[in-house]
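Colleague: Could you walk me through this fold, one feature at a time? I would like the general idea first and then the case at hand.

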Amino acid sequence: MAVRHQEDTALAQDTRVSPPPPLYKVLLLNDDFTPMDFVIEVLQRFFRMNLEQATVVMLKVHNEGAGAAGVYPRDIAESKVNQVTAHARAHQHPLQCVMEESR
């Protein structure tokens with residue numbers, strides 16, 4: 001019986017699941033200069049949104065000051081922020097893209 005108990009304990013220790021890594025929201029921030037059409041294009045290109053989804057998020061950015069483009073693991077969120085920022089600067093737009101831990 002003692003051998004069986006040790007096996008059960010070892011199995012239980014091996015199957016414990018660590019908590020998942022935190023997720024991060026990628027947000028676009030409103031400014032007075034970036035055209036709405038450019039924001040829609042960014043949402044479609046980098047976040048794979050269709051026109052309707054991108055328009056809803058763009059209007060949230062415009063009306064509320066920020067809008068969530070997606071929720072990702074940290075490394076993917078950082079990559080999205082960097083891609084959007086580089087794309088905006090390459091097109092001479094001040095669009096800001098940030099990430100924050102999702103709750």
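Modeller: We will go from the overall layout to the sheet, then to a helix, and then to single residues.

Colleague: What pattern does the protein follow along the sequence?

Modeller: A word of caution first: this is a predicted model. The secondary structure comes to 4 helices and 3 strands, and along the sequence they follow the pattern α-β-α-α-β-α-β.

Colleague: How much of the protein is buried?

Modeller: Of its 103 residues, 30% are buried. Contacts can be looked at by their separation in sequence too. Among contacts with a separation of 6 or more, 71% are between residues 24 or more positions apart.

Colleague: Now the sheet. In what order do the strands come?

Modeller: To read a sheet, look at the order of the strands and then at the pairing. Here 3 strands form an open sheet in the order β2-β1-β3, with antiparallel pairing. The edge strands are β2 and β3 (96-101), and each of these pairs on one side only. From one strand to the next, the twist averages 30°.

Colleague: How many bridges join β1 to β3, and how many are there between β1 and β2?

Modeller: β1 and β3 run antiparallel and are joined by 6 bridges. β1 and β2 pair in the antiparallel sense over 7 bridges.

Colleague: Which residues stand opposite Tyr24 and Val26 in β3?

Modeller: Opposite Tyr24 you will find Glu101 in β3, and opposite Val26 there is Met99, again in β3. For the pairing with β2, take Leu23, which stands opposite Pro73.

Colleague: Let us turn to the helices. What length should helix α2 span, and what is the distance between its end C-alpha atoms?

Modeller: A helix can be checked by its rise per residue. Helix α2 covers residues 36-47, which is 12 residues; at 1.5 Å a residue it should span 16 Å, and its end C-alpha atoms are 16 Å apart, so the two agree. After α2 comes Arg48, whose phi is positive, near 55°.

Colleague: Which residues of α2 are buried?

Modeller: A general point helps with reading the list. An α-helix has 3.6 residues a turn, so residues three or four places apart point the same way. In α2, the buried residues are Phe38, Val39, Ile40, Val42, Leu43, Phe46 and Phe47.

Colleague: What covers those buried residues of α2?

Modeller: The cover includes the strands β1 (23-29) and β2 (66-73) and the helices α3 (51-64) and α4 (74-90).

Colleague: I see rings there too. How many aromatic pairs does the structure hold?

Modeller: For a ring pair, ask for the distance between centres and the angle between planes. The structure holds 1 aromatic pair. Phe47 and Tyr72 form it, and it is tilted, at 6.3 Å centre to centre with 40° between the planes. Phe47 lies in helix α2 and Tyr72 in strand β2, so the pair ties together parts that are 25 residues apart in sequence. Both Phe47 and Tyr72 are buried.

Colleague: What lies over the face of Phe47?

Modeller: That is Lys80, at 5.5 Å from the ring centre of Phe47.

Colleague: Now some single residues. Is His87 buried or exposed?

Modeller: The cut-off for buried is under 20% relative accessible area. His87 is at 9% relative accessibility, so it counts as buried. His87 has its place in helix α4. Leaving aside neighbours within four places in sequence, His87 is in contact with Phe38, Glu41, Val42, Arg45 and Phe46.

Colleague: And helix α3: is Val57 buried or exposed, and what about Glu52?

Modeller: Val57, in helix α3, is buried because its relative accessible area is 12%. Not counting residues up to four places away in sequence, Val57 touches Leu43, Met49, Gly67 and Ala68. The C-alpha atoms of Val57 and Leu27 are separated by 9.8 Å, and the two residues are 30 residues apart along the chain. Glu52 is found in helix α3 as well; with a relative accessible area of 62%, Glu52 is exposed. Its C-alpha atom is 9.3 Å from that of Ile40, 12 residues apart along the chain.

Methods. Residues are numbered from 1 along each chain as its sequence is written. This is a predicted model: local features need pLDDT of at least 70, side-chain atom pairs count only at pLDDT 80 or more; totals for chains, interfaces and linings use all residues. Side-chain values use heavy atoms; hydrogens and water are left out. Helices (H or I, at least four residues) and strands (E, at least two) are DSSP runs, numbered from the N terminus. The expected span of a helix is 1.5 Å times one less than its number of residues. Buried means under 20% relative accessible area, exposed over 50%, partly exposed in between (1.4 Å probe, protein chains only). Contact means heavy atoms within 4.5 Å. Two strands pair if DSSP finds at least two bridges between them. Axes are lines fitted to C-alpha atoms, for helices over the stretch in contact, and angles run from 0 to 180 degrees between N-to-C directions. Rings of Phe, Tyr and Trp (its six-membered ring) pair if their centres lie within 6.5 Å; planes under 30 degrees apart count as stacked, over 60 as edge-to-face and the rest as tilted. A charge sits over a ring if NZ of Lys or CZ of Arg is within 6 Å of the ring centre and within 35 degrees of the ring normal.
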